[in-house]
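Trainee: I should like to understand how the terms used for a protein model are justified. May I ask for the reasoning behind each one?

Mentor: Certainly. Let us look at the model together and take the terms in turn.

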Amino acid sequence: MRPFRSLPGALTLVSAAAVLFAAEPQTLTPIPEAMPAPTFDLLGPAGEPQRLADHRGKPVILNFWATWCPPCRAEMPSMQRAHERVAGEGIAVVAVNVGEDAETITRFLTEMEVDFPIPMDVDSRVVQAYPVKGLPTTFVIDPEGRLVFTATGEREWDDPGLLDKVRALRRRP
């Protein structure tokens, strides 16, 4: 654990990154050669099973985040709004918490209403299987289970332009 005196410097750096990313347009970066999304079988904060395979066959917005990360906290309300908009359209929103325990996540969830899946990657094995460079990082997974878009940094996930790109991945009847 880092000494408390080093925490303000880390927060300043994260806060500066939040300002930088907040100024960027709401974009998704295509992944040129779509790779299979690493699977996971984790638990949620209440001990419920959370598996990526449960969402196979539909697009997934897969976010990696932590409660100590200001941009992660800032984008969580927009992820909830996105979830509310696309849940009935066969699109899943999943936010994998990185490295924190159930008590910490539960405390955060009492402050912020979120009703989409929050798997806990307590030992950070899942995040290490993905090409994550920092938090928050989000991937869009197509119905075949391939990573097709990525976004590093905070986004407004209920932005119509972002959601339309995800909607376009849905399987046609």
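Trainee: How many aromatic pairs does the structure hold?

Mentor: This predicted model holds four aromatic pairs.

Trainee: What makes W65 and F108 a pair, and why is the pair called tilted?

Mentor: Ring centres must lie within 6.5 Å to count as a pair, and those of W65 and F108 are 5.1 Å apart. Planes under 30 degrees apart count as stacked and those over 60 as edge-to-face. The planes here stand at 45°, which fits neither of those classes, so the pair is tilted.

Trainee: Where in the chain do the two partners lie?

Mentor: W65 belongs to strand 4 (residues 60-65) and F108 to helix 3 (residues 102-111). With these positions 43 residues apart, the pair links distant parts of the chain. Both W65 and F108 are buried.

Trainee: Why are Y130 and F139 also described as tilted?

Mentor: The same reasoning applies: their ring centres are 5.4 Å apart, inside the limit of 6.5 Å, and their planes meet at 40°, between 30 and 60 degrees, so this pair is tilted. Ring pairs also link F64, Y130 and F139 into a cluster.

Trainee: How do you know that Y130 and F139 are buried?

Mentor: Buried means under 20% relative accessible area. Y130 has 4% and F139 has 1%, so each value falls under the cut-off.

Trainee: Which residues have the most contacts inside the largest nonpolar core?

Mentor: They are L28, I61, W65, M76, F116, I118 and W157, in a core of 27 residues. The elements that give two or more residues to this core include strand 4, helix 2 (70-86) and strand 5 (92-98). Helix 2 provides the largest share, five residues. As a general point, nonpolar side chains in soluble globular proteins tend to be buried together.

Trainee: What does M76 touch?

Mentor: Leaving aside residues up to four places away in sequence, M76 touches W65, A95, F108, M112, V114 and F116. A second, separate core has 18 residues, among them A37, V94, V96 and V126.

Trainee: How do you know that C69 and C72 form a disulfide?

Mentor: The cut-off for two cysteine sulfur atoms is 2.5 Å. The sulfur atoms of C69 and C72 are 2.4 Å apart, so they meet it. By this rule the count comes to one disulfide.

Trainee: Why is this disulfide called right-handed?

Mentor: The torsion about the S-S bond of C69 and C72 is about 75°, so the disulfide is right-handed. C69 is buried, with a relative accessible area of 1%, and C72 is likewise buried at 1%.

Trainee: What makes R107 and E103 a salt bridge?

Mentor: A side-chain nitrogen of Lys or Arg must be within 4 Å of a carboxyl oxygen of Asp or Glu. The closest N and O atoms of R107 and E103 are 3.4 Å apart, so the pair qualifies. R107 and E103 are four residues apart in helix 3, and therefore separated by about one helical turn.

Trainee: Why is R107 called partly exposed but E103 exposed?

Mentor: Exposed means over 50% relative accessible area, and partly exposed lies between 20% and that value. R107 has 45%, so R107 counts as partly exposed; E103 has 57%, so E103 counts as exposed.

Trainee: How do you know that D142 forms a salt bridge with R146?

Mentor: The closest N and O atoms of D142 and R146 are 2.7 Å apart, so the pair lies within the limit of 4 Å. D142 is buried, at 4% relative accessible area, whereas R146 is partly exposed, at 37%.

Trainee: What of R167 and D164?

Mentor: Their side chains meet in a salt bridge at 3.1 Å, N to O. R167 is buried because a relative accessible area of 18% is under 20%. D164, at 43%, counts as partly exposed. Elsewhere, salt bridges that share partners join R81, R85, E156 and D158 into one network. A search of the whole structure finds twelve salt bridges.

Trainee: Where does pLDDT stay under 50?

Mentor: It stays under 50 over residues 1-23. The mean pLDDT of the protein chain is 88, and 84% of its residues reach 70 or more.

Technical notes: Residues numbered from 1 in each chain as written. Predicted model: local features only at pLDDT ≥ 70, side-chain atom pairs only at ≥ 80, totals over all residues. Heavy atoms only, no water. Phe/Tyr/Trp six-rings, centres within 6.5 Å; stacked < 30°, edge-to-face > 60°. Buried < 20%, exposed > 50% of the residue type's maximum accessible area, 1.4 Å probe, protein only. Core = buried A, V, L, I, M, F, W, Y, C linked by side-chain atoms within 4.5 Å. Contact = heavy atoms within 4.5 Å. pLDDT = per-residue confidence, 0-100.
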